Amino acid sequence: MQRYVDSHLRLKDYALFRAVCARRRASWWTWPQPLRDGAVRDGDHDREVMRYHLYVQWLAHERLSSLAAAKQAGCSLCLDLPLGTNPDGYDVWRQRSLFALDVNGGAPPDSFFTKGQNWGFPPLHPQTLREQGCRYFIASIQNHLRYAGVLRIDHATGLHRLFWIPKDFSAPEGVYVHYRTEELYAILALESYRHQALLVGEDLGTVPRYVRPALARHKAQRMYAPPFELSPDPKRTLRAAPTDSLACMSTHDMPTFTSFWRGLDIQDRVELGLMDQAQARREWSRLQKLKATLLVFLQPNGYLGKGRSGTSQVLTACLKFLGSSRAGLARISHQGIEKRLSLRG
């Protein structure tokens, strides 16, 4: 453990921060000014708590390293690169000049989130990031690829632009801020080559038309999820998964298949105030059409037996469809439990 701690210079600083958090039981935004600015003294924390956090980080490294070792046997660990950083966390406390602290990242209103989204984290400032040689972004990528054979980039549109919402304003009042896209892609391409890892850009839902060509140009996979691809038109019910895609039934921020199939997410959106009852009825009607065309599609193609339309039966049929697709990657889950990540040659 000591060798690991000594070889990671920022680790002690991180554990120190966590120990002060444990002592004060409050966000660093409320700390006294010297402490808020990083001037930590011996009496500001418990050394045993600091050692505990050093141990936890070392333990996480050991466990991830053991999983990463399986890459040599043809089984790759897939990790997610998150879009944002906790504003109360260590990164923003220690490197706050990198972040636009007076705004939050989010998304404008769309057909699903009719009031827009405020994700509650400060976005990276594109100019400051560049002035610092993108060191923070590079370190983040390297740390993930130290263990991962596949890295999924959450909200790949964020490599191009991000919706900034000023503090105390609502989501519809935000504005798009653009990033130096080619420089970020160059870093990703270089690090993925160095670590012999595959990149996947999360491009589900509404994305600008230039995102997917950019992913393809930089040899990054895109994503394919049937709920986003379904059409009520029987002539084009479900298009085939592209070869350069990761196929899956859902992601961490999508309804589960059961919720989608039973329309439970529609009621959730009503309760959240994202749609009224009239909109919910239209959405329910559309869902019934989608379900009918999907059943018609699955049965003749041999994925689903006749008369079988239970939730688990349809899910199994959809998984068979994904497994037989030309997608380069398939992430298979059943009833919320991920089973396997397979890489096709």
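1. A helix here is a DSSP run of H or I, at least four residues long, and helices are numbered from the N terminus. Ser-259 sits in one such run, helix H11, which spans residues 257-262. Keep in mind throughout that this is a predicted model.

2. Stay with Ser-259 for a moment. Its relative accessibility is 10%, so Ser-259 counts as buried. Set aside the neighbours within four places in sequence, and Ser-259 is in contact with Leu-264 and Asp-265.

3. Now the overall picture. The protein chain has 14 helices and 11 strands. Its C-alpha atoms fill a box of roughly 70 × 50 × 40 Å, taken along the principal axes. Of the 345 residues, 45% are buried. The chain exposes about 18800 Å², and carbon and sulfur atoms supply 52% of that area. Take the contacts between residues at least 6 apart in sequence: 61% of them join residues at least 24 apart.

4. Which residues have the most contacts inside the largest nonpolar core? They are Trp-31, Leu-129 and Phe-137, in a core of 54 residues. Helix H2 (residues 9-24) gives the most to this core, with eight residues. A second core is separate and has 28 residues, among them Tyr-224, Ala-241, Leu-290 and Ala-317.

5. Leu-129 deserves a closer look. Beyond its neighbours within four places in sequence, Leu-129 is in contact with Leu-98, Leu-124, Cys-134, Tyr-136, Phe-137 and Leu-184. Find Phe-137 in that list: Phe-137 also has a place among the residues with the most contacts inside the core.

6. Cys-134, a contact of Leu-129, is worth its own point. Cys-134 lies in the loop between helix H6 (126-131) and helix H7 (135-145). Buried or exposed? Cys-134 counts as buried, because its relative accessibility is 7%. Its phi is near 55°, a positive value in a residue other than glycine. Most residues other than glycine have a negative phi.

7. Arg-25 also has a positive phi, of about 50°, although it is not a glycine. Arg-25 is in the loop between H2 and H3. With 77% relative accessibility, Arg-25 counts as exposed. Cys-134, by contrast, counts as buried.

8. What about the other cysteines? A search of the whole structure finds zero disulfides. Why does Cys-248 not bond to the closest cysteine sulfur? That sulfur is in Cys-78, 9.8 Å from the sulfur of Cys-248, which is too far for a bond. The cut-off for a disulfide is 2.5 Å between the sulfur atoms. Cys-248 has 0% relative accessibility, so it counts as buried.

9. Cys-78 belongs to strand E1 (residues 78-81), where the side chains alternate. Leu-79 and Leu-81 point to one face and are buried. Cys-78 and Asp-80 point to the other face and are not buried. E1 pairs with strand E4 (residues 150-153) in the parallel sense, over four bridges. In E4, Val-150 stands opposite Cys-78.

10. Another set of strands pairs in the antiparallel sense. Four strands form an open sheet in the order E3-E2-E5-E6. Strand E3 (117-118) and strand E6 (175-178) stand at the edges with a single partner strand each, so one side of each is left without a neighbour in the sheet. Further in, strand E2 (residues 103-107) and strand E5 (residues 161-166) pair over four bridges. Gly-106 has Phe-163 in E5 as its bridge partner. Strands of a sheet pair through backbone hydrogen bonds.

11. Next, Asp-44. Asp-44 lies in the loop between helix H3 (33-36) and helix H4 (47-68). Asp-44 counts as buried because its relative accessibility is 14%, and the cut-off for buried is under 20%. A polar atom of the Asp-44 side chain lies 2.8 Å from the backbone nitrogen of Arg-41. Leaving out neighbours within four places in sequence, Asp-44 is in contact with Val-20, Arg-23, Leu-35 and Ala-39.

12. Last, another aspartate: Asp-91. Asp-91 is in helix H5 (residues 90-94). At 25% relative accessibility, Asp-91 counts as partly exposed. Not counting residues up to four places away in sequence, Asp-91 touches Thr-85, Arg-96, Phe-99 and Tyr-136. Tyr-136 is also a contact of Leu-129. Asp-91 and Gly-201 are 110 residues apart along the chain, and 23 Å separates their C-alpha atoms.

Conventions: Residues are numbered from 1 along each chain as its sequence is written. This is a predicted model: local features need pLDDT of at least 70, side-chain atom pairs count only at pLDDT 80 or more; totals for chains, interfaces and linings use all residues. Side-chain values use heavy atoms; hydrogens and water are left out. A nonpolar core is a set of buried Ala, Val, Leu, Ile, Met, Phe, Trp, Tyr and Cys residues joined through side-chain atoms within 4.5 Å. Buried means under 20% relative accessible area, exposed over 50%, partly exposed in between (1.4 Å probe, protein chains only). Helices (H or I, at least four residues) and strands (E, at least two) are DSSP runs, numbered from the N terminus. Contact means heavy atoms within 4.5 Å. A polar contact is a pair of N or O atoms within 3.5 Å; within protein, one must be able to donate a hydrogen and the other to accept it, and residues adjacent in sequence count only if both atoms are side-chain atoms. Two strands pair if DSSP finds at least two bridges between them. Accessible areas come from the Shrake-Rupley method with a 1.4 Å probe; for residues, only the protein chains shown count as cover.
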